[in-house]
Amino acid sequence: MFMFVLFAMIDLVIVGIFYAVYGTKRKYSEGMLLGVHLPQSAAESEEVTAFMERYRRNTKIFYAVNVVISTAVCAFCFWYISVFMTVWSVWLLEFCVGAMALLYGNHRKLYDMKVEKGWIGSGGSRIMAVDTKAAVQSGRMGLSPWWHLLFCALILMPCIDTDIRKYLMTSDDGWIFPVTGILVSLTFGILHIAILRMRNKVYSEDSDLNVEVNRMQKNVWSWALAGSSLFNVAAYLVVVSGIDETGWISTGVLVIYSIIETIPGFFLIGGFFYMRSRKEKLLQKNVRPLYIDDDVYWKNGWYSNPNDKRLMVQDWACSWNYTTNMAKPAGKIFMFLAIVFVAVCLVWGCVEMWKIDFVPIEVNPTGTQLEITSGYSDYEIAYDDITGVELLDSLPDDDYRRINGGADQHKMMGRFKGEKTGKCRMYLYVGYTPVLEIMTEDGPVYVNSRDVQETEEWMREIMQQVQPAPFGKTH
Amino acid sequence: MVLKIDMSGETPIYIQLRNEIVKGIGRGELAAGENLPTVRQLASELGVNTMTVSKAYQLLKSEEFIETDRRKGAAVKPAQSMGGPAAAGYREHLEDELELLSAEAKLRGLKREEFLRLCEDAFAEMGV
């Protein structure tokens, strides 16, 4: 049920963000309608109004249908996760392609209408414009990205403490939190630098207004990113302060960590909407608007300008996004590789999950070692490393936390950490007994089969390979 | 000041840049002493090579419209400092250009009064 609710919420957020960013571009603003430069008279004409009304209706239908489909897809959570993830990935693909096709298709239709009707040049149409005043002040806009280095230093600061340093160096998974924290802060820092280097946009013949709008955008973004980085550090410090003497992090601390780590999301989304409303207010003062009509380079929805040496340009549909200049071979290669990368990740992820769900757990004693094979990973244990074998009626009662692998209502597979047990490995079908416990110096390994006799057979086979003295207890 | 460059035009970009900056100074949109963007900054904003902007700045410097400083960057020269060696041959250059423009205007069918009015309007835009 938790997975259903979680993914239903995630789907709603995805659809909501897509709708807010791509589905609401229906107002005439900055001399544009749906990303196409038009004179206001043309934007208010009967033909365009009817076209926009059709677009509005189709958009609402598309997003409403996708809310229903995405919720229905979540029902697969109650079955196998791999099946759910595969169906969910297909839905996500359909949704992304559909949303883009809807937007780009209508953008192109409106562009064709503009060319057909000769609605060109809504105001001093030029290809490129630069405001010298905004460009000069560019370096003085926004908060310095160096703050992110300070935040990374704060993440490293707890290492001064001997106990924490020892925990980080000796624990198998201790590095995950600091490395994740540093990577997240560095990512925010890189985004911060990219935004400060972003080309200043020219909205008006009035330089002061251009400076004001561009400064406001860079200030909002840089503060939002610095704030996000700060909360990322705070989340890490909460975790570090919550580690007990045994290296255990309580569930309460992890919940607080998760809550603090979601705050950057609110910062960024809040920053986006605040910036958009501030920009609208500022541009209401624009008495000498300047519109750069570069629609010919955007007519298919993507950017293709052979005269522009830039590889990445700000997207017309969402100022957050950057897109590649498809007139450049590097732009085409980058886009192709990005699509291939996403496709491979999705397919690989689904295949791995199918393997976890449907490849059976096997225990194969060989001459020198014991091989445990499963859909997630294989594990070999030399007989000399086995310190005990036992058949248990159930998995020892403990609070187990998954480090890697997968765990759901069907199986527990991969590396785990128990509050009392410590680090361990599991290759288990949930709800099936007995459980074979193989003790090693690296912690216990728990294995079982859906077939009771098979588990008992594994026990017997292992017993034959190892010294009988300390072993042989069965329940 | 807003510089407008036609990237697909026949006039080289560095000439367009030079012309736009001179017009800006003439119209008073770029005040004496006002800083211009650095070569790198302007190139990045326009999406052109730094060499293109550098060439335009060198031209403007040789014509004594701007001055460059390693630390402060490029800035508009005060009007009184624009009367150096570059200004000496300007009258001859202007006469040459006007002759060409007059010839073209005549061939395109413009009347003398119309041509003079256009000259007057363009000069009036410079605030004089």
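Two strands count as paired here if DSSP finds at least two bridges between them. Strands, like helices, are DSSP runs numbered from the N terminus (E and at least two residues for strands, H or I and at least four for helices). Before you click on anything: this is a predicted model, in which local features need pLDDT of at least 70 and side-chain atom pairs count only at pLDDT 80 or more, while totals for chains, interfaces and linings use all residues. Residues are numbered from 1 along each chain as its sequence is written, with chains lettered from A and ligands numbered from 1 in the order in which they are written.

**Stop 1: a three-stranded sheet in chain A**

Select A:L370 and look across to β8(A): A:I381 stands opposite. A:L370 also has a partner on another strand, since the bridge partner of A:P365 in β7(A) is A:L370. Now show the strands around that residue. β7 of chain A covers residues 369-373 and pairs with β8(A) in the antiparallel sense over four bridges. β6(A) and β7(A) likewise pair antiparallel over four bridges, and these two form a hairpin with three residues between them.

Put together, you have an open antiparallel sheet of three strands in the order β6-β7-β8. Which strands stand at the edges? They are β6 (362-365) and β8 (379-382) of chain A, each with a single partner strand, so one side of each has no neighbour in the sheet. On average, neighbouring strands here are turned by 15° against each other, direction ignored (axes are lines fitted to C-alpha atoms, for helices over the stretch in contact, and angles run from 0 to 180 degrees between N-to-C directions).

**Stop 2: where the chains meet**

Colour by chain and go to A:V130. Its bridge partner in β1(B) is B:L3, part of an antiparallel pairing of β3(A) with β1(B) over four bridges. Contact means that the C-beta atoms of two residues, placed from the backbone, lie within 7 Å. Leaving out residues up to four places away in sequence, A:V130 touches A:A135 and A:V202 from its own chain, plus B:L3, B:L42, B:E45 and B:L46.

Widen the selection to the whole interface: 21 residues of chain A are in contact with 20 residues of chain B. On the chain A side, β3 and α5 are the elements giving two or more residues. That side divides into eight nonpolar, five polar and eight charged residues (Ala, Val, Leu, Ile, Met, Phe, Trp, Tyr, Cys and Pro count as nonpolar, Asp, Glu, Lys and Arg as charged, and the others, Gly among them, as polar).

**Stop 3: the cores**

A residue is buried if 20 or more other C-beta atoms lie within 10 Å of its own, exposed if 12 or fewer, and partly exposed in between, with C-beta atoms placed from the backbone. A nonpolar core joins buried Ala, Val, Leu, Ile, Met, Phe, Trp, Tyr and Cys residues through C-beta atoms within 7 Å.

Select A:A129, A:V130, B:L3, B:L17, B:V53, B:Y57 and B:I66: in the largest core, of 36 residues, these touch the most other members. Elements of both chains give two or more residues to this core, including α9 (207-241) of chain A and α3 (50-62) of chain B. Its largest share, five residues, comes from α1(B). Apart from it lies another core of 34 residues; try A:Y376, A:I386, A:W458 and A:V466, which are among them.

**Stop 4: chain B on its own**

Hide chain A. Chain B has six helices and three strands, following the pattern β-α-α-α-β-β-α-α-α along the sequence. Its C-alpha trace spans about 50 × 35 × 25 Å along the principal axes. Buried residues make up 24% of its 128 residues.

**Stop 5: backbone oddities**

Most residues other than glycine have a negative phi, and most peptide bonds are trans. Here are some exceptions to select. A:L34, not a glycine, has a positive phi of about 55°, and lies in the loop between β1 (32-33) and β2 (36-37) of chain A. Is A:L34 buried or exposed? Buried, with 23 other C-beta atoms within 10 Å.

B:E64 has a positive phi of about 65° and sits in the loop between α3 and β2 (66-69) of chain B. B:E64 counts as partly exposed, with 16 C-beta neighbours inside 10 Å.

Last stop: the peptide bond from A:T433 to A:P434 is cis, with omega near 0°. You'll find A:P434 in the loop between β13 (422-429) and β14 (435-440) of chain A.
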